[in-house]
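The following paragraphs go through part of a protein model, beginning with one side chain and moving out to the strands around it.

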Amino acid sequence: IMEGDAGGTIDSDGNYTAPATAGSYTILASPNAYFGQSTSIPVQVLDSGVALYAGSLGGPGFADGPPGTGRLNSPIGMVSDGTSVFFTTQDKMVRRLDIKTGVLTTIAGTLDAPAPIDGTGGAAHFSDPHQIALDGSGNLYVADSNVSEIRKVEIATGKVTTYAGSTMQGSLDGTGTAAKLVNPIGVVWDGVHSLYVADSVACAIRKIDLTSAAVTTIAGTASGVTPYACKPTPADGTGTAATFAGPSWLAWDGQGGLLVLDGAMLRKVAVATGVVTTLASKVPYAPAMA
């Protein structure tokens, strides 16, 4: 629940509406927010009454810094640990937003640099980073789509390594870089010890065991089968009997299921059984190769 201590209003859902008068304000988070810790958050309010928390209205770009100074270029993936928000961006970097201060910093990657290169901080290069996941142990995992890899980022050091997949595309289970993916877009952590990947052009949902880096296929195109098997009219089913139109973004439902944005459909995958069901069709279309 957010409270505006210098103008603005709060609705019953805790949404903050900025005052119409331009200026610098502070939002105070109640003790129930952010794991029971009270915190104040600076915002910049424009003449229109819009509150700017991160980025700049000067247009897309790159700059670290506080609210109104830091700049972003097309944030793509986003995940939060409750104190920070981590982004992937179109300019091929992993950025961090401190929730308390609003300060933007860069963890890894170099502006529009060639890719992929493992390394630390600015010495690391990404190709086409999409969804990003946390593992609860201080690491981020990035679906680096164009190079068909899952990259691991150590938050504390900015060290980037290739965790699974390789630039040799394909649909093949294996361990670490011996596994092959094709343009993965979505990646999400189950809160225990596994990552799940929406392998968009391989048309499959893959599982990565974080204790061993073993990659297995739980639904869609089977390991070893030629990829590019997406179906314009996908079918529900179990494991490799199910088909996908082009799985992209993922969410974990906290109850053993994955929610998958699959073309113009919302699908659910029960990870224990591989059963795929369609929850909704004709949702807003998100192309798999976005």
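A polar contact is a pair of N or O atoms within 3.5 Å; within protein, one must be able to donate a hydrogen and the other to accept it, and residues adjacent in sequence count only if both atoms are side-chain atoms. The model is predicted, with local features needing pLDDT of at least 70 and side-chain atom pairs pLDDT 80 or more, while totals for chains, interfaces and linings use all residues. Residues are numbered from 1 along each chain as its sequence is written, and side-chain values use heavy atoms, without hydrogens and water.

A polar atom of the Asp262 side chain lies 3.0 Å from the backbone nitrogen of Ala245. The side chains of Asp262 and Arg267 are joined by a polar contact of 2.7 Å. Asp262 counts as buried (under 20% relative accessible area, 1.4 Å probe, protein chains only), because its relative accessibility is 0%.

Asp262 belongs to strand β23, residues 257-262; strands are DSSP runs of E, at least two residues, numbered from the N terminus. β23 runs antiparallel to β24, joined by six bridges; two strands pair if DSSP finds at least two bridges between them. Gly257 is opposite Ala270 of β24. Two residues separate β23 and β24 in a hairpin, and Gly263 in the turn has a positive phi of about 60°.

In β24 (residues 265-270) the side chains alternate: Met265, Arg267 and Val269 point to one face and are buried, whereas Leu266, Lys268 and Ala270 point to the other and are not. β24 also pairs with β25 (residues 275-281), antiparallel and over six bridges, with Val269 opposite Val276.

Notes. Helix = DSSP H or I, 4+ residues; strand = E, 2+ residues; numbered from the N terminus. Buried < 20%, exposed > 50% of the residue type's maximum accessible area, 1.4 Å probe, protein only.
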